[in-house]
Amino acid sequence: MAEAQQVQSETSATVAAEKYSNVSFSIWPPTERTRDAVRNRLIETLSSPSILSKRYGTLSREEAVDVAKLIEEEAFEVAGKAGTTDDDGIEILQVYSKEISKRMLEKVKARSGDSAAAPEATPANEAPSKAEEEDAGSTAPPQSEKTESVADDE
């Protein structure tokens with residue numbers, strides 16, 4: 001009885017394998033629903049408190065919507081142009097993901113640099129921060145000089 005069940009199970013597995021052997025699976029290009037989810041996640045990341053926002057600041061929701069759309073579209077275009085022989089799209093998806101990350105970081109860094117140069121910067125009549133005072137009073141040589149002097153001692 002057990003042998004009959006095993007034979008039947010193996011036969012079912014063989015039939016299923018033959019039935020689905022012509023089925024292909026591809027994750028590229030992503031569906032519009034997936035692209036919308038990526039944009040929504042970008043919006044959330046750019047406009048909410050996070051590790052990224054602690055360093056570069058947050059964007060308003062409206063600005064984040066525009067930036068997220070631009071980032072996703074540019075990344076999609078770059079990934080679509082990436083020539084690959086990958087049948088299932090995993091390599092292209094990796095390019096897409098890396099482009100999104102790279103572009104997001106570029107945008108927040110550029111915005112952070114823009115806001116630092118903006119007129120809202122610290123007025124000249126304010127006292128420097130404690131960290132700035134410490135840096136200004138430091139007599140330690142730059143890192144490059146430290147490295148050279150160690151090399152000369154040997």
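## A guided tour from Arg39 to helix 5

Begin by selecting Arg39, which lies in helix 2 (residues 32-47). The model on display is a predicted one. Color by accessibility, and Arg39 counts as buried, because its relative accessibility of 13% falls under the 20% cut-off.

Next, display the side chains around Arg39. Two polar contacts can be drawn here. One runs from the side chain of Arg39 to the side chain of Glu32, at 2.8 Å. The other joins the side chains of Arg39 and Glu72 at 2.7 Å. Leaving aside residues up to four places away in sequence, Arg39 touches Glu32, Ala68, Lys69 and Glu72.

Follow the contact with Glu72 into helix 4, and select residues 61-81. Which residues of helix 4 are buried? They are Ala64, Val67, Ala68, Ile71, Glu72, Ala75 and Ala79. Turn the view to look down the axis of helix 4: the buried residues fall within an arc of 130°, so they line one face of the helix. Now rotate to the other side of helix 4, where Glu62, Asp66 and Lys81 are exposed.

With helix 4 still selected, place a distance between its end C-alpha atoms. They are 30 Å apart, which agrees with the 30 Å that 21 residues should span at 1.5 Å a residue.

From helix 4, move to Glu99, whose place is in helix 5 (residues 90-117). Is Glu99 buried or exposed? Glu99 is buried, because its relative accessible area is 12%, and the cut-off for buried is under 20%. Show the neighbors of Glu99: apart from residues up to four places away in sequence, Glu99 touches Ala75 and Val78. Of the residues met earlier, Ala75 is one of the buried residues in helix 4. Then select the C-alpha atoms of Glu99 and Ile71; these residues are 28 apart along the chain, and the atoms are separated by 8.3 Å. Ile71 is also among the buried residues of helix 4.

Finally, zoom out to the protein chain as a whole. How many helices and strands does the protein chain have? There are seven helices and zero strands, and the pattern read along the sequence is α-α-α-α-α-α-α. Of the 154 residues, 19% count as buried. Among contacts with a separation of 6 or more, 67% come from residues 24 or more positions apart. Switch on the surface to end the tour: the accessible surface of the protein chain comes to about 11800 Å², and 52% of this belongs to carbon and sulfur atoms.

Terms used:
Residues numbered from 1 in each chain as written. Predicted model: local features only at pLDDT ≥ 70, side-chain atom pairs only at ≥ 80, totals over all residues. Heavy atoms only, no water. Helix = DSSP H or I, 4+ residues; strand = E, 2+ residues; numbered from the N terminus. Buried < 20%, exposed > 50% of the residue type's maximum accessible area, 1.4 Å probe, protein only. Contact = heavy atoms within 4.5 Å. Areas by Shrake-Rupley, 256 points an atom, 1.4 Å probe, with all protein chains shown as cover. Polar contact = N/O pair within 3.5 Å; in protein donor to acceptor, adjacent residues only side chain to side chain. Expected span 1.5 Å × (residues − 1). Arc of directions from axis to C-beta.
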